[in-house]
Amino acid sequence: MNYIELGSRAHRKASVSMLLGSIVTFAILYSPQPLISLFSQQYQLSPATASASISVTTIALGMSLLFFTVVSNIWGRKGIMSLSLLLTSIFAIASAFIHDFQAFLVLRFLEGISIAGFPSIAMAYLNEEFSPRAIGRVVGVYVAGTAIGGFIGRIIIGGLTDLFNWQFAMLMMGIVSLLLSLWFWFYLPASGNFTPSKTSVRQWLAGMRASLGDKNLLSMFVTGFLLMGGYITVLNYIGYPLTQAPYHVSQTIFGFLFVVNLVGTWSSIWFGKLADRYSRRRVIGLAIAIFILGALMTLSSLLAVKVLGIAVVAFGFFAGHSVASGWVGVLAVKDFKAQASSFYLLFYYAGSSLVGWSGGFFLNRFGWNGLVYYTCALLMVSMLVSSQVKPKAEKRGLSPSEC
């Protein structure tokens, strides 16, 4: 295999390109998050209904993941990822001209389909082009981009919404995303280790059995479901207590609150390196424990402690996601790595949709405290599930059949 060498020019171009691709993807994916409480006021919606601006996108994303994986096996990685980013940026620009919430949800659903073309293939590209010994730190950089993208999207939307309106904010973010997408298209190194192949129904079913039939991989899928669900639940609804009495935080300040998510850029890279050196079960267990601590800190009545709690939540989530997503690439059978990565993301975004949506009912019924306890219970389950992976499966390059 002709792997991209760490420190080479190709490595720098690939890292920057994947970083920018993930920034575009996750900036647009989570851009409505600071607006959920605003949607409730403007359109007279419940928290669960207003959060559909996120959940319909992640539902569409999850449903489209496996399709793009199959298509990329035939057409290649770079072309599909580039098209995904360009279409997603165009949809973001189009959303600037929408004034009806239902029409906005339809466009967000279409965005979810277009977005799926990037994350469903990104992990496969990284696992094919970089040595397994370096995959932890490379995936860490990619995951760092998801943290940066989430922050940029939220802060642009929050600040420009206060100055103008949310439609203008969407327009500006779409234009910036389009420029970054064009950079990605021109500068990402072409796949060196990819060989086009036709995927039959029998092969697709074999990949499904290999992914869902392996207990170690299934543990990672469920872990991703619960981690993402818990994270989105906290971030979707934190705006309700903060924009109301006694805090009355403005949209601009609320958008800047998400700067704390940038700690995820550090924790994802750091924990990615730790996963290459130490027991992945212990490393991910530590990440989840940190996540739980952060969620409990948001119960404080002190604004500074609440904000610090969000930072700790982001630290723990991105650390755990970095380890879990990289672990899937190690556990999966060689011929089905792309499909295994897609199944991980399918569970991951299903957690965002289902758990994130259900959090609105806990907030309505039990308030912020009830929502936090619900989240912590899910995270404790994720810690238990991730600990079930066999110790032998922690060895780099071991396929499930060898464990």
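**Exercise 1. Work out what share of the protein chain is buried.**

Start with the cut-offs: a residue is buried under 20% relative accessible area, exposed over 50%, and partly exposed in between (1.4 Å probe, protein chains only). Now apply that to the 403 residues of the protein chain: 60% of them are buried.

A quick word on what you're looking at: this is a predicted model, where local features need pLDDT of at least 70, side-chain atom pairs count only at pLDDT 80 or more, and totals for chains, interfaces and linings use all residues. Residues are numbered from 1 along each chain as its sequence is written, and side-chain values use heavy atoms, with hydrogens and water left out.

**Exercise 2. Find out how the radius of gyration of the protein chain fits a compact globule.**

First, grab the rule: 2.2 Å times the number of residues to the power 0.38, with the radius taken over C-alpha atoms. Next, put in 403 residues, and a compact globule should come out near 22 Å. Then compare: the protein chain has 20 Å, which agrees. For a picture of the outline, its C-alpha atoms fill a box of roughly 60 × 40 × 40 Å along the principal axes.

**Exercise 3. Place Arg 281 and say how exposed it is.**

Begin with helices, which are DSSP runs (H or I, at least four residues) numbered from the N terminus. Arg 281 sits in helix H15, residues 280-297. Now check its surface: a relative accessible area of 29% makes Arg 281 partly exposed. Finally, look for a partner far along the chain: Ser 387 is 106 residues away in sequence, yet the two C-alpha atoms are separated by 5.7 Å.

Terms used: Helix = DSSP H or I, 4+ residues; strand = E, 2+ residues; numbered from the N terminus.
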